[in-house]
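Let's take a walk through this fold, one piece at a time. Keep the viewer open as you read.

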Amino acid sequence: MNILVTVDSNYVRPLKVMLTSFFRFHDNENKIYLLYSNVKETELKELQQLIERNGSRFFSVRVEESILSDVPVIQYFTKEMYYRLLSGMIFAKEKKMLYLDPDILIRGSLLPLYEMPLEGKVMAGIADVAVNTLLSGHKTELGFGQEEQYINSGVLLLDLDELRKCFGPEDIKKVVEEKGELLRYPDQDIINLLFREKIKVVERKYNYNTGYGNAAGMLKYMAGGFLKERKYPVIVHFMGPTKPWHLAYYGKFGREYRRYLKKNPDLGMDVKGEWIKRYFAIGRHLLKVILCKMGGSNHEK
C-alpha cells in the first residue's frame, strides 16, 4: 500500500503511534510517504527506523511553505494539512494513495478500503457525522444542501490520476477568496468544496469519530454502548483539540491508545505514573464544560 502522511514536528510522536498500530495489521511491504515543512532531521531518522524495522520503505519530501502562503491556518490546524492535495503533483508516478491523519489508531486491515474501486471519483472519504447532523448549519453556510454528504478529511483514498486532472494549487486560493471567514475547518471545507460530487462516501468504520455527540450520548455509551462499538471501528479518529496523549482526554478508545504508549517507550510518550494527574485533569475539564454550558443557558434566558 502507498500510505500518505503530512505532519510538523508537533505531530511526529502521534504519527509514530499511528504507524505502529498500522504495522500491527500490515506486515507486508508498504511505502510510507511524508510531506512536511517543519520536521527535524533527527525525527525523520526516527521515522525511517520505525518504518524500515517493520519491512516498509520511507519517502519524505520537504514542501516549501511559500507554495501555499495564503491558506488559512487556525487553532490546532496547520499548513501541512493542505499538502495532501499536492500529492498528485509531487508523486507523479504513483496512481493511488491512502491518506491518514496522525491522530488515528488502526485496529484492522485497511486492504478492503485501499483496493476499493473509486469509479471515476477523485477520492473516497467517510461522512463527517458531526457536521452532517449537529453542525449542519455549517454545511448550509458553505452552500451545501442538507441531503449532501460532507466528508471528514482525516482518511482519504486518493486517485492521483484523477486528482492531477482536476486540481491545481491556485484552486485553493479561489475557494479561500470566495468563502473566506466561513472556513471553520479550513482544509476539510476546501476539500469538500473543491471536489463536490467527486467524492465516494464509504463506511463509517474506516474513520470513526471518538466523540459522544452530547451528554446523552456519553451516558448511553457508558451504560453499555461500548460493547457494540468495541470491535466495530477499523480506524478510530481522535477528533477535536483534546487527544488521547493529553491527560484530560476522556473520550472513547483512550485506554487502547495508551496501551501503545506503555508498551512502546521508544515512542517518546511515556504515560506511566500519570493516572492520578490524568483523573484530576479530566475532572477540571468536565467542570469547565459544565460551567460553560450553564453560562450559555443563563445567557440564552
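Helices and strands here are DSSP runs, with at least four residues for a helix and at least two for a strand, and they are numbered from the N terminus. Keep in mind that you're looking at a predicted model.

Start with a pair of helices, α1 (residues 12–25) and α2 (residues 41–53). Their axes come within 11 Å and cross at roughly 5°. Angles under 35 degrees count as roughly parallel, so α1 is roughly parallel to α2. On the α1 side, the contact is made by Val12, Leu15, Lys16, Leu19, Thr20 and Phe23, and α2 answers with Glu43, Glu46, Leu47, Leu50 and Ile51. Sorted by class, that's 7 nonpolar, 1 polar and 3 charged residues. As for the spacing you see along such a contact, residues three or four places apart in an α-helix point the same way, because there are 3.6 residues a turn.

Now look at the largest nonpolar core, which holds 37 residues. Leu19, Leu98, Leu100 and Leu110 have the most contacts inside it, and α1 gives the most to this core, with 6 residues. Click on Leu98 and leave out anything up to four places away in sequence: Leu98 touches Asn2, Ile3, Leu4, Leu110, Leu113, Tyr114, Val155, Leu156 and Leu157. Apart from this core lies another one, of 33 residues, and Leu35, Leu85, Ile190 and Leu193 are among them.

Ile190 and Leu193 also bring us to α9, since both are on the list of its buried residues. In fact, 8 of the 9 residues of α9 are buried. The cover over them includes β6 (123–127), α5 (129–132), α6 (136–142), β7 (151–159), α8 and β8 (199–202).

Of those, α8 deserves a closer look. The axes of α8 (residues 169–179) and α9 (residues 186–194) come within 10 Å and cross at roughly 105°, which means that α8 is roughly perpendicular to α9. Asp171, Ile172, Val175, Val176 and Lys179 of α8 make the contact with Ile190, Leu193 and Leu194 of α9. That gives 6 nonpolar, no polar and 2 charged residues.

Finally, a couple of backbone oddities. Most residues other than glycine have a negative phi. Glu197, in the loop between α9 and β8, has a positive phi of about 70°. Phe253, in the loop between β10 (235–237) and α11 (254–263), also has a positive phi, near 65°. Are these two buried or exposed? Glu197 counts as exposed because its relative accessibility is 69%, while Phe253, at 10%, counts as buried.

Technical notes:
Residues numbered from 1 in each chain as written. Predicted model: local features only at pLDDT ≥ 70, side-chain atom pairs only at ≥ 80, totals over all residues. Heavy atoms only, no water. Axes fitted to C-alpha atoms, helices over the stretch in contact; angles between N-to-C directions. Parallel < 35°, antiparallel > 145°, perpendicular 65-115°, else oblique. Contact = heavy atoms within 4.5 Å. Nonpolar A, V, L, I, M, F, W, Y, C, P; charged D, E, K, R; others polar. Core = buried A, V, L, I, M, F, W, Y, C linked by side-chain atoms within 4.5 Å. Buried < 20%, exposed > 50% of the residue type's maximum accessible area, 1.4 Å probe, protein only.
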